[in-house]
Amino acid sequence: MSQTPTMLELAAEARTVQAKLEQLWADEGVEQLTIFLDPEIVVVLEEIKQVSMDFVEQIAALSSVD
């Protein structure tokens, strides 16, 4: 049975995920697809990006909360 990760472990993992998400959304990644996609799909992708990045940032910040 696996143990529940600590807040510090979750925060460290969130920073890794955050870096990967930033890489995926970078100029050579998903954002370049906006050239080819329907504008309504682009709006959904932007919302997915914002929601996921906001959440990961909150989790990553847990290590600085006392």
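The protein chain exposes about 5,400 Å², of which carbon and sulfur atoms supply 61%. The model is a predicted one, and in it the chain has two helices and zero strands. Of the 66 residues in the protein chain, buried residues make up 15%.

The two helices are set side by side in the table, with the span expected at 1.5 Å a residue and the separation of the end C-alpha atoms.

| Helix | Number of residues | Expected span | End C-alpha separation |
|---|---|---|---|
| H1 (residues 7-24) | 18 residues | 26 Å | 25 Å |
| H2 | 22 residues | 32 Å | 31 Å |

For H1, the separation of the end C-alpha atoms agrees with the span that its 18 residues should have, and for H2 the corresponding values also agree.

Helix H1 has buried residues at Ala11, Ala14, Gln18 and Leu21. These residues cover an arc of only 80° around the axis, which puts them on the same side of H1. The general geometry of the α-helix bears on such a pattern: with 3.6 residues a turn, residues three or four places apart point the same way. On the other side of H1, by contrast, Leu8, Thr16 and Gln23 are exposed. The cover over the buried residues of H1 includes helix H2, which runs over residues 39-60.

In H2, the buried residues are Val42, Leu45, Met53, Val56 and Ala60. Viewed down the axis of H2, these buried residues fall within an arc of 70°, so they line one face of the helix. The other side of H2 carries Glu40, Val43, Glu47, Val51, Phe55 and Gln58, which are exposed. The buried residues of H2 pack against H1, just as H2 is included in what covers the buried residues of H1.

Gln18, which is found in helix H1, illustrates this packing at the level of a single residue. Its relative accessibility is 16%, and because buried means under 20% relative accessible area, Gln18 counts as buried. When its neighbours within four places in sequence are left aside, Gln18 is in contact with Met53, Val56, Glu57 and Ala60; among these partners, Met53, Val56 and Ala60 are themselves buried residues of H2.

Val17, also placed in helix H1, has a relative accessibility of 37% and therefore counts as partly exposed, since that class lies between the 20% limit for buried and the 50% limit for exposed. The C-alpha atom of Val17 is separated by 9.9 Å from that of Ser52, although the two residues are 35 residues apart along the chain.

The loop between the helices deserves separate mention. Phe36 has its place in the loop between H1 and H2, and with a relative accessible area of 68% this residue is exposed, as the class requires over 50%. Together with Leu33 and Ile35, Phe36 makes a nonpolar surface patch of about 360 Å².

Methods: Residues numbered from 1 in each chain as written. Predicted model: local features only at pLDDT ≥ 70, side-chain atom pairs only at ≥ 80, totals over all residues. Heavy atoms only, no water. Helix = DSSP H or I, 4+ residues; strand = E, 2+ residues; numbered from the N terminus. Expected span 1.5 Å × (residues − 1). Buried < 20%, exposed > 50% of the residue type's maximum accessible area, 1.4 Å probe, protein only. Arc of directions from axis to C-beta. Contact = heavy atoms within 4.5 Å. Patch = residues over 30% accessible without salt bridge, like charges linked within 9 Å, V, L, I, M, F, W, Y side chains within 5 Å. Areas by Shrake-Rupley, 256 points an atom, 1.4 Å probe, with all protein chains shown as cover. Salt bridge = Lys/Arg side-chain N within 4 Å of Asp/Glu carboxyl O.
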